[in-house]
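Reader: I am new to this structure. Please take me through the reasons behind the terms used for it.
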Amino acid sequence: MAKILIVEARFYKHLNDLLLEGARAAIEAAGHSHETITVPGALEVPGAIALAADHYDAFVAIGVVIRGETYHFEIVAGESARAIMALTLDGIAIGNGILTTENEAQALTRARRTEKDKGGEAAKAAIAMLELQQKYS
Ligand SMILES: Nc1c(NC[C@H](O)[C@H](O)[C@H](O)CO)[nH]c(=O)[nH]c1=O
Ligand SMILES: CC(=O)[C@@H](O)COP(=O)(O)O
């Protein structure tokens, strides 16, 4: 049984709750254990994963970034994804479930377990990467 840490950027609580439900269900269905920590926003997620890297087998990043009026969206969405990808290339098993959408309706469709279930998808990706890590290390 693997120990998986869900790192949640709690910026949009109602959307996060849906993503978390999917992620936790997928981890439990695969027979693994999970804990959740909360950080302020998507920009803090990669740093939190880096800090906790030695304490868990895999990570699921959860959050929602919705476009506003300014260039801030590009910074938050792009830099958080870039830093998570850098950690992935360091060999850390991570599934990225941080939604980057134009509006709340797009985020809802992607967060709901009954629709696109992106939280569950990210958890399954983390588990798949963990299995690859175990195979090659
Ligand atoms: N606008 C969104 C943010 N912004 C906050 C940043 O992620 C960060 O917490 C702040 O700049 C302090 O370092 N975060 C989200 O998760 N979603 C957003 O839509
Ligand atoms: C991530 C964003 O773009 C958003 O939350 C910030 O909004 P704004 O650009 O209107 O300040």
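**Terms and reasons**

Author: The model is predicted. Helix H3, residues 72–89, supplies the largest share of the shell around ligand 2, namely 3 residues.

Reader: Which residues surround ligand 2?

Author: The shell of ligand 2 is made of Val65, Arg67, Gly68, Glu69, Thr70, His72, Phe73 and Val76. By class, 3 of the residues are nonpolar, 3 polar and 2 charged.

Reader: What makes His72 count as buried or exposed?

Author: His72 has 11 C-beta neighbours inside 10 Å. A residue is exposed if the number is 12 or fewer, so His72 counts as exposed. His72 is found in helix H3, and an unreviewed UniProt entry lists His72 under "active site".

Reader: Why are H1 and H5 called oblique to each other?

Author: Helix H1 (residues 13–29) and helix H5 (residues 118–136) pack at an angle of about 40°. Angles under 35 degrees count as roughly parallel, and 65 to 115 as roughly perpendicular. The angle of about 40° fits neither range, nor the one over 145 degrees for roughly antiparallel, and H1 and H5 are therefore oblique. Their axes are 6 Å apart, and H1 passes H5 in a right-handed crossing.

Reader: Which strand gives the most to the shell around ligand 1?

Author: Strand E3 (residues 58–66) does, with 4 residues. The residues surrounding ligand 1 include Ala9, Phe11, Pro40, Leu43, Glu44, Val64 and Ile66. The shell around ligand 1 has 9 nonpolar, 2 polar and 1 charged residues.

Methods:
Residues numbered from 1 in each chain as written. Chains lettered and ligands numbered in written order. Predicted model: local features only at pLDDT ≥ 70, side-chain atom pairs only at ≥ 80, totals over all residues. Near = placed C-beta within 6 Å. Helix = DSSP H or I, 4+ residues; strand = E, 2+ residues; numbered from the N terminus. Nonpolar A, V, L, I, M, F, W, Y, C, P; charged D, E, K, R; others polar. UniProt positions renumbered as here; feature names shortened; annotations may be inferred. Buried ≥ 20, exposed ≤ 12 C-beta atoms within 10 Å, placed from the backbone. Axes fitted to C-alpha atoms, helices over the stretch in contact; angles between N-to-C directions. Left-handed = near helix turned anticlockwise from the far one by under 90°.
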